[in-house]
Amino acid sequence: MPSALFTPLQLRSLTVPHRGWVSPMCQYSCHPETGEGVPNDWHLMHLGSFAAGGAALILSEAAAVNAAGRISPLDAGLYSDEQAAGWERIVAFVHRHGAVDSKIGAQLAHAGRKASTYWPFSDRSGSVPQSDGGWVTSGPSSDPFDGYAAPEAMSDADIHGVVADFAAAASRAVAAGFDTVEIHGAHGYLLHQFQSPLINTRTDGWGGNEEGRNRLMLAVVDAVREVIPDSMPLLLRISASDWADGGVDVEASVRLARAAAERGVDLVDVSSGGAVAHQQIRAVPGYQAGFAQQVKNDAGVPTGAVGLLTSATQAEDIVANGRADAVFMARAALRDPHWWLRAAYELGHDIPWVPQYQRAVLRHGF
């Protein structure tokens with residue numbers, strides 16, 4: 001039987017060679033000597049290795065749409081021409097060396113009240129003070145994420161400015177040659193902060209009820225869709241559940257996904273969590289695939305599943321049984337940057353092997 005995982009997926013004019021994709025993974029590796037937020041050789045190696053390993057679609061780490069939107073001072077951005085030039089080099093590398101005509105997308109993000117934090121491998125944690133290169137963060141209100149500095153509540157003008165920044169970053173992504181764009185609306189970052197009733201306590205038009213809380217997310221969708229080519233697919237990452245009482249649940253996420261699809265989102269990347277520190281996530285293998293299936297079925301939009309997906313048979317099962325249209329890998333890809341070539345071998349699917357690896361694979365297997 002042919003492999004469902006290794007069948008192409010058509011999104012607008014983009015043909016993605018198969019359904020095994022790379023999830024965005026922050027690297028916290030943009031160093032001052034290479035320019036603020038500018039991707040460098042580390043990012044070229046990190047993302048390029050997945051292309052050589054047979055990934056069909058590779059999403060960049062969260063690229064901040066403005067300087068204040070970075071999760072940490074070492075995060076990547078797409079708010080300057082210098083950053084766009086750095087990404088253009090990586091995009092060209094992926095296109096040139098992909099084992100299966102690999103595609104690459106830019107994830108656009110703003111961290112909101114979770115910005116200006118120390119990177120995970122720092123000897124410090126929490127918010128970075130201005131004296132150490134940090135900045136004042138912003139969010140729906142002045143309520144902080146637990147353990148972080150309090151943000152400033154965003155004004156109407158601030159919110160419209162962020163929408164414009166997402167559109168500008170999307171334009172730079174197009175100019176840099178990216179094949180698609182993903183809007184990051186998950187994991188407790190700015191757009192999710194506005195969506196979640198656990199965080200957004202505003203009483204103006206950007207809050208108050210579900211329609212108001214979703215307004216910023218959908219305004220960004222509209223702004224990005226307007227500046228990217230009609231032929232280019234648009235992806236949206238959401239947190240389907242806040243894993244906390246009174247927060248976003250899968251039914252609310254279905255309604256959001258349906259509205260986003262009506263505005264031109266072509267695939268919803270379904271993750272969960274990140275809004276509040278008191279979340280109670282029940283993480284087991286494939287624990288978010290059910291969310292992806294419900295959003296796909298009830299909102300009528302293609303979805304991607306992500307979260308503790310590690311084996312070829314597990315990924316094959318998700319796609320073959322219609323639980324999601326694609327499978328995103330993160331930690332499994334870090335452990336094995338050739339995961340997709342090995343998965344094809346295990347599933348008995350013949351894809352064009354990297355010529356340099358053919359002899360070893362054909363003689364000894366993966």
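Let's start inside: about 40 Å³ of space lies in the largest cavity of this predicted model. How many cavities of 30 Å³ or more does the structure hold? Just one. Its walls come from A62, A63, A64, G69, R70, I71, D75, A76 and A109. Strand β4, residues 57–64, gives the most to that lining, with three residues. Sort the lining by class and you get six nonpolar residues, one polar and two charged.

Now head over to helix α6, which runs over residues 250–262 and so has 13 residues. From its first C-alpha to its last, α6 reaches 18 Å, close to the 18 Å expected at 1.5 Å a residue. Which residues of α6 are buried? They are V250, A252, S253, V254, L256, A257, A259 and A260. These buried residues have plenty of company: they pack against the helices α4 (190–195), α5 (210–227) and α7 (289–299), and against the strands β9 (234–239) and β10 (267–271). Just after α6 comes G264, with a positive phi of about 110 degrees.

Glycine isn't the end of the positive phi story, though. Y28 has a phi near 50 degrees, a positive value in a residue other than glycine. You'll find Y28 in the loop between β3 (20–22) and α1 (41–52). Is Y28 buried or exposed? Y28 counts as buried because its relative accessibility is 14%, and the cut-off for buried is under 20%. D101 is another non-glycine residue with a positive phi, near 55 degrees. Look for D101 in the loop between α2 (81–97) and β5 (103–109). At 47% relative accessibility, D101 counts as partly exposed, since exposed would take over 50%.

Last stop, the cysteines. The structure holds zero disulfides. C26 is in none, and the nearest cysteine sulfur to its own, that of C30, is 9.9 Å away. Why is there no bond from C30 to C26? The two sulfurs sit 9.9 Å apart, which is too far for a bond; a disulfide here needs the sulfur atoms within 2.5 Å. As for their surroundings, C26 is partly exposed, with a relative accessible area of 26%, whereas C30 counts as buried at 2% relative accessibility.

Methods: Residues are numbered from 1 along each chain as its sequence is written. This is a predicted model: local features need pLDDT of at least 70, side-chain atom pairs count only at pLDDT 80 or more; totals for chains, interfaces and linings use all residues. Side-chain values use heavy atoms; hydrogens and water are left out. Helices (H or I, at least four residues) and strands (E, at least two) are DSSP runs, numbered from the N terminus. The expected span of a helix is 1.5 Å times one less than its number of residues. Buried means under 20% relative accessible area, exposed over 50%, partly exposed in between (1.4 Å probe, protein chains only). Contact means heavy atoms within 4.5 Å. On a 1 Å grid over the protein atoms alone, a cavity is a set of points where a 1.4 Å probe fits but cannot get out, and a pocket is an open set with protein on both sides within 12 Å along at least five of seven lines; lining residues have an atom within 4 Å of a point. Grid points are joined across faces, edges and corners, and a volume is the space filled by probe spheres set on the points. Ala, Val, Leu, Ile, Met, Phe, Trp, Tyr, Cys and Pro count as nonpolar, Asp, Glu, Lys and Arg as charged, and the others, Gly among them, as polar.
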